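Me: Please take a close look at one buried position and its surroundings. Give the cut-offs as you go.

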Amino acid sequence: QGGVRVMIDIEVDVYDGLYSLLAKECPDVFLSGELVRAPSSFPSVTMMEADNYVATDTQDSGSNENHVKVMYEVAVYSNRATDRKSECRSILAVVDRYFIGLGFTRTSTNTIPDGEGKYLRVISRYTAKVSANHTIYRR
């Protein structure tokens, strides 16, 4: 049917791929598709699409989205008594390899304690440009 092509969306595919990889390489990790303040189990990873907007330089005169710019935010949580940062970083290395392999660029990584000393959270953000046929570009 005709009409305007809108909302290029790859979040489910990205999530499913990350889930499969973590299940294989980090089987004790719980993965959620929503960011949470404090996960119910540890170690834990949350992943969600935090931004998805039209790349206006490739939008056509019919207002069709030909590309979008996306940003995924991934948070890794550890509540280990010791070496929380090491646990987060080792899980994040798997996440990082996955996103870089897809064609994303990591734009930031921040380490954030919970304030009460119960867990540590490391957040990374990944960006890319995605075409209507779901091809992922670093730029």
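Reply: The account below starts at serine 124 and then turns to the core and the strand pairing. This is a predicted model, in which local features need pLDDT of at least 70 and side-chain atom pairs count only at pLDDT 80 or more, while totals for chains, interfaces and linings use all residues. Residues are numbered from 1 along each chain as its sequence is written, and side-chain values use heavy atoms, with hydrogens and water left out.

Serine 124 sits in strand β5, residues 120–131 (helices are DSSP runs of H or I with at least four residues, strands runs of E with at least two, numbered from the N terminus). Its relative accessible area is 0%, so serine 124 counts as buried (under 20%; exposed is over 50%, partly exposed in between; 1.4 Å probe, protein chains only). Its side chain has a polar contact with the side chain of threonine 109, at 2.8 Å (a pair of N or O atoms within 3.5 Å; within protein, one must be able to donate a hydrogen and the other to accept it, and residues adjacent in sequence count only if both atoms are side-chain atoms). Apart from neighbours within four places in sequence, the residues in contact with serine 124 (heavy atoms within 4.5 Å) include Tyr72, Val74, Leu92 and Arg106.

Tyr72 and Val74 are also among the contacts of phenylalanine 99, with sequence neighbours within four places again left aside. Phe99, Leu22 and Met47 touch the most other members of the largest nonpolar core, which has 29 residues (buried Ala, Val, Leu, Ile, Met, Phe, Trp, Tyr and Cys residues joined through side-chain atoms within 4.5 Å). Among the elements that each supply at least two of its residues are β3 (67–78), α2 (84–102) and β5; α2 gives the most, 7 residues.

As for pairing (at least two DSSP bridges between two strands), β2 and β3 run antiparallel, joined by 10 bridges.
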